[in-house]
Every structure is written in structure tokens, then in C-alpha cells.
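Here is a short report on the fold shown below. Keep the sequence and the 3D view side by side while reading.

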Amino acid sequence: MQTDFSNEDTLVRLLMAGDRAAFEHVFRKHNASLIRVCAGICKNRATAEEVVQDAWVAVLKNIGGFQGRSSLAGWIYTIVLNKARTRAKRDGRSVSFDDGGDDNSLAAAFDGRGRWKDQPDLWEEVTPERIVAGRSVMAHVSAAIEALPSGQRAVIELRAQQGLDAAEVCSILDISEANMRVLLHRARLAVRAALDGLL
């Protein structure tokens, strides 16, 4: 019988009890995203993998201290980002999540609620050919996300892909909500541009 890991309280209890299947579930769900976010800070994938591995050890060692003040994912990302920042500082690198740049095209692409005014043409028709081509589209989306500046990549990973709420993302990245919204809009705009480039 397969355990249902959808209830976070149950998942945390299983992790505290050392349940291997629970850890494998959490690891599979978050590891790739953790490495991508960490690589934006460490500027090196091998270092990011090392930092994330150390963070998983810290998660297992400290799961008993998890108090539920944030989501489990938020807690894990906080551990990873703190370790990544410490490593980047030790290695003489620093990363700012305050992305400068021109955002004039944001107003043209998004409405006041952060939704696209016009979806990319690629999404207007769903045909069997488009479904098959979807694998290629996802590869382009993944590549576009990998190419984003570290702040944008971290925000889109945490907010859009991991589904963390805005306050939690701001807390993890230690940024203001306004900064988080700008980074998310810029990330979405870059991904949209990558999709529009496929047409």
C-alpha cells in the first residue's frame, strides 16, 4: 500500500520517524529545483550540487526542529539558500536579488494582476501535433529558466514552479514583495519571449 504524502503534517511526521519513502518523495520533488536556484547563487553547478547535498543532510539532521511556521518546502529552501549564500561568500562571490533593468515591456505583456494580457500564440491551439511538440517546448522553457539571472530564476522556481506563497518567497530570498513581483514579471517575460521565438 502506497503512503499518501499530500498531507504535509503526515509527511513531516514520517520524515521525523526516518521514513525512507517520505524522504525520497521530498527529494524527488525538490532536488532539481534546489540545484537550479542554488546554481544561480554559486555560479557553478558542481558547487550547487555539493551545497544542496549538504543541505539535505542538514534537513534530515534538523527535521525534528521543524516547527511549521512555514511550509516544509519553504523551510528546505531557506536551508539551501543560507548554505548557498555562505558558500558564495566564502568563495568570494556575491549575488544580489535586486535586478536592475528596463521593465517597459512589462506593462505591455502583463495586466495589473500579473497575468499575461495576450497568451503566446503557441498556446492557442491544442492539437495532437502540439502535444507531441510539447516535449520540445518544455525543453525550451527549461532552458529559458536556466538562462535567467539568479534572482529571476529563484523567484520563478519558488513562486511559479514550487507554488510557495509570495510572503514565503520574500522571506526565503530576503527581498520585498515589490521586488519579488518585479523579478517574477521579468522572469515570465523572458520565458514568454523564448516561447514566442519558437514560432
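From the N terminus on, the elements of the protein run α-α-α-α-α-α-α-α-α. That makes nine helices and zero strands. Helices (H or I, at least four residues) and strands (E, at least two) are DSSP runs, numbered from the N terminus. The model is predicted: local features need pLDDT of at least 70, side-chain atom pairs count only at pLDDT 80 or more, and totals for chains, interfaces and linings use all residues. Residues are numbered from 1 along each chain as its sequence is written, and side-chain values use heavy atoms, with hydrogens and water left out.

Of the 199 residues in the protein, 42% are buried. Buried means under 20% relative accessible area, exposed over 50%, and partly exposed in between (1.4 Å probe, protein chains only). Contacts reach across the sequence. Among those between residues at least 6 apart in sequence, 66% join residues at least 24 apart. A contact means heavy atoms within 4.5 Å.

**The core**

The largest nonpolar core has 53 residues. Such a core is a set of buried Ala, Val, Leu, Ile, Met, Phe, Trp, Tyr and Cys residues joined through side-chain atoms within 4.5 Å. The residues with the most contacts inside this core are C38, L72, W75, I76, Y77 and L173. At least two core residues come from each of α1 (8-16), α2 (20-42), α3 (45-62), α4, α6 (128-146), α7 (150-161), α8 (166-173) and α9. Helix α4 gives the largest share, 10 residues. I76 touches V26, L34, W56 and V59, not counting residues up to four places away in sequence.

**Helix α4**

Helix α4 covers residues 72-90. The expected span of a helix is 1.5 Å times one less than its number of residues. The 19 residues of α4 should therefore span 27 Å, and the end C-alpha atoms are 27 Å apart, which agrees. Its buried residues are L72, A73, G74, W75, I76, Y77, I79, V80, L81, A84, R87 and A88. What covers them includes α1, α2, α3, α7 and α8.

Which residues does R87 touch? R87 lies in α4 and is buried, at 14% relative accessible area. R87 touches T47, E50 and V51, leaving aside residues up to four places away in sequence.

Two other residues of α4 are partly exposed. N82 counts as such at 41% relative accessibility, and T78, in α4, does so at 28%. The C-alpha atoms of N82 and V51 are 9.9 Å apart, with their positions 31 residues apart along the chain. T78 and D174 are 96 residues apart in sequence and 9.8 Å apart in space, C-alpha to C-alpha.

**Helix α9 and its contact with α7**

Helix α9 runs over residues 177-196. Its 20 residues should span 28 Å at 1.5 Å a residue, and its end C-alpha atoms are 28 Å apart, which agrees. The buried residues of α9 are N179, M180, L183, L184, H185, R186, A187, L189, V191, R192 and L195.

Two packed helices are described by the angle between their axes and the distance between the axes. Here α7 and α9 pack at an angle of about 90°, with their axes 8 Å apart. Axes are lines fitted to C-alpha atoms, for helices over the stretch in contact, and angles run from 0 to 180 degrees between N-to-C directions. Angles of 65 to 115 degrees count as roughly perpendicular, so α7 and α9 are roughly perpendicular to each other.

On the α7 side, G151, Q152, V155, I156 and R159 take part; they meet M180, L183, L184, R186, A187, R188 and V191 in α9. By class, this contact has seven nonpolar, two polar and three charged residues. Ala, Val, Leu, Ile, Met, Phe, Trp, Tyr, Cys and Pro count as nonpolar, Asp, Glu, Lys and Arg as charged, and the others, Gly among them, as polar.

**Positive phi values**

The table lists three residues with their phi angles.

| Residue | Place | Phi |
|---|---|---|
| K43 | loop between α2 and α3 | near 65° |
| D174 | loop between α8 and α9 | about 55° |
| G92 | just after α4 | about 85° |

K43 has its positive phi in a residue other than glycine. D174 is not a glycine either. K43 is exposed, with a relative accessible area of 56%. D174 is exposed too, at 66%.

Methods. Angles under 35 degrees count as roughly parallel, over 145 as roughly antiparallel, 65 to 115 as roughly perpendicular and the rest as oblique.
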